[in-house]
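Student: I should like a close look at a single part of this structure, namely one helix and its surroundings. Please set the cysteines out beforehand, and then proceed to the helix in one connected account.

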Amino acid sequence: MAPYESPELIDLFTTYTAGPHSIGSRLTATAAQDQADAPLIVATSADFALYPGNGKPPTVEGFRFSTRGFKELAGISHLGPAVATLVQLREKYHSPAWRTEAERLLNEVERSRRANSAALWRDTIAVEAYQGREQSIADMADHTFALTARYLRAGLADEEAFSSATLCGEYLTAGEKEGHGSIDRMMVATFFLTGLDISHRILRWFGSHDIDWDRAMVVIAGKQGRPTSGVTWNTSSVATMILGASGYRLPMERLYMAPHAPTFTTPLDGDLSEVIALEEPLRRIWSNTRATVELGELMFPGLPRYAHGVVEVPDLDDHSVTEISEMPVIHGPDDWRSMTTRLRMVLEDPRQLLSGCVTDYAVSQLVAAGNDPTKIAVPGLDGVLYPRLP
């Protein structure tokens, strides 16, 4: 039997809290109208939309899956966790499937090695932010393919050689003692390159618009990466790019993470109808959140107010640090303790975006360099030798 509900008290509830004609809805609508001329920036998992305000048409810029070279670099960078996954299947779960999957991965690695070349990266993939680095990227990829194939072949020939005991020394960090690049450093380099390209284009795109950052309304909508990640501003590489694009002028209280907000699909053939249709509901989401926040000062004056605190970032120059809950500071392109620790953290911390482990560093370097990719160092690539292996 359904629980009893008092009609009078339910009506009282709906008068303020629920329904399109509630007092709360009127506050939201009034707040949205007050901000109707403010720029609204919406980020989905793949695109940015800028709504200038006052009914002016939006513009959209893609930044992730439509990006040249994104999937190619991801395929290379994911070889580290792919091989570790096979070791886990064999060693922890005793799954015979590891062998079949290892053979499949080996075949794809060998095909990729044959396809890889500086010309591929320069003339076909042709990412503007990578200009001048195409030979280095090809050398890094070739070394990665060769080392991966060698480790997989050794494991298929003798499965005892395919274990946690050999994974780091013979695969992930192999070559570092000789001063060469390694799989660990390749992962940092590829994640950085991805962040470099996306951030370079997004900083330029935002810079081409006259945005009043003090009044900008920002909503990061929907799922970002894996289901548990990117739900706070300091774990979202998208938030990092927006803050960088503003020259770090955007007030943090005007940026809202809204994982349950509606999103639009990437527009096809210039059709912005879905993007346009979402402007009003997204402005209402931002305005409703903001209006509720502003009740705090009205209702509880004199009490401590909430403020966006500065995240306490660990500094791994202190070698007594053995556990962290936030990304460690990176002191420069050779700070491998911090950057490799970040690789571990994005695997272990469900809040993090896997590909975002060094995006904030790429953004800060681009901002400092006037958005010129040639003026910054790519860690794990620039000045790093990846010798050709048989």
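Tutor: A disulfide is taken here as a pair of cysteine sulfur atoms within 2.5 Å. The model is predicted, and by this rule the count comes to 0 disulfides. Cys 168 takes part in no disulfide, and the nearest cysteine sulfur, that of Cys 357, is 16 Å away. Seen from the other residue, the sulfur of Cys 357 has its closest cysteine sulfur in Cys 168 at 16 Å, and this is too far for a bond. The surroundings of each cysteine can be stated as well: Cys 168 is partly exposed, with a relative accessible area of 43%, whereas Cys 357 is buried, with a relative accessible area of 0%.

The helix to examine is α10, which spans residues 237-245. Helix α10 is mostly covered, with 9 of its 9 residues buried. These buried residues are Ser 237, Val 238, Ala 239, Thr 240, Met 241, Ile 242, Leu 243, Gly 244 and Ala 245. They pack against the strands β1 (40-43), β2 (47-51), β4 (217-221) and β5 (255-258), and against the helices α9 and α13.

Consider next the packing with α13. Two packed helices are described by the angle between their axes and the distance between the axes. The axes of α10 and α13 (residues 359-368) come within 9 Å and cross at roughly 10°. Angles under 35 degrees count as roughly parallel, and α10 and α13 are therefore roughly parallel to each other. On the α10 side, Ser 237, Thr 240, Met 241 and Gly 244 form the contact, and they meet Thr 359, Asp 360, Val 363 and Val 367 of α13. By class, this contact has 3 nonpolar, 4 polar and 1 charged residues.

One residue of α10, Ile 242, leads into the nonpolar interior. In soluble globular proteins, nonpolar side chains tend to be buried together. The largest nonpolar core has 85 residues, and those with the most contacts inside it are Ile 41, Phe 48, Tyr 171, Leu 193, Phe 206, Trp 213 and Ile 242. Helix α9 (residues 183-207) gives the most to this core, with 14 residues. Setting aside residues up to four places away in sequence, Ile 242 touches Ile 41, Ala 43, Phe 48, Phe 206, Trp 213, Val 218, Ile 220 and Leu 250. A second, separate core of 16 residues includes Ala 38, Ala 258, Val 275 and Leu 282.

Note on methods
Residues are numbered from 1 along each chain as its sequence is written. This is a predicted model: local features need pLDDT of at least 70, side-chain atom pairs count only at pLDDT 80 or more; totals for chains, interfaces and linings use all residues. Side-chain values use heavy atoms; hydrogens and water are left out. Axes are lines fitted to C-alpha atoms, for helices over the stretch in contact, and angles run from 0 to 180 degrees between N-to-C directions. Helices (H or I, at least four residues) and strands (E, at least two) are DSSP runs, numbered from the N terminus. Angles under 35 degrees count as roughly parallel, over 145 as roughly antiparallel, 65 to 115 as roughly perpendicular and the rest as oblique. Contact means heavy atoms within 4.5 Å. Ala, Val, Leu, Ile, Met, Phe, Trp, Tyr, Cys and Pro count as nonpolar, Asp, Glu, Lys and Arg as charged, and the others, Gly among them, as polar. Buried means under 20% relative accessible area, exposed over 50%, partly exposed in between (1.4 Å probe, protein chains only). A nonpolar core is a set of buried Ala, Val, Leu, Ile, Met, Phe, Trp, Tyr and Cys residues joined through side-chain atoms within 4.5 Å.
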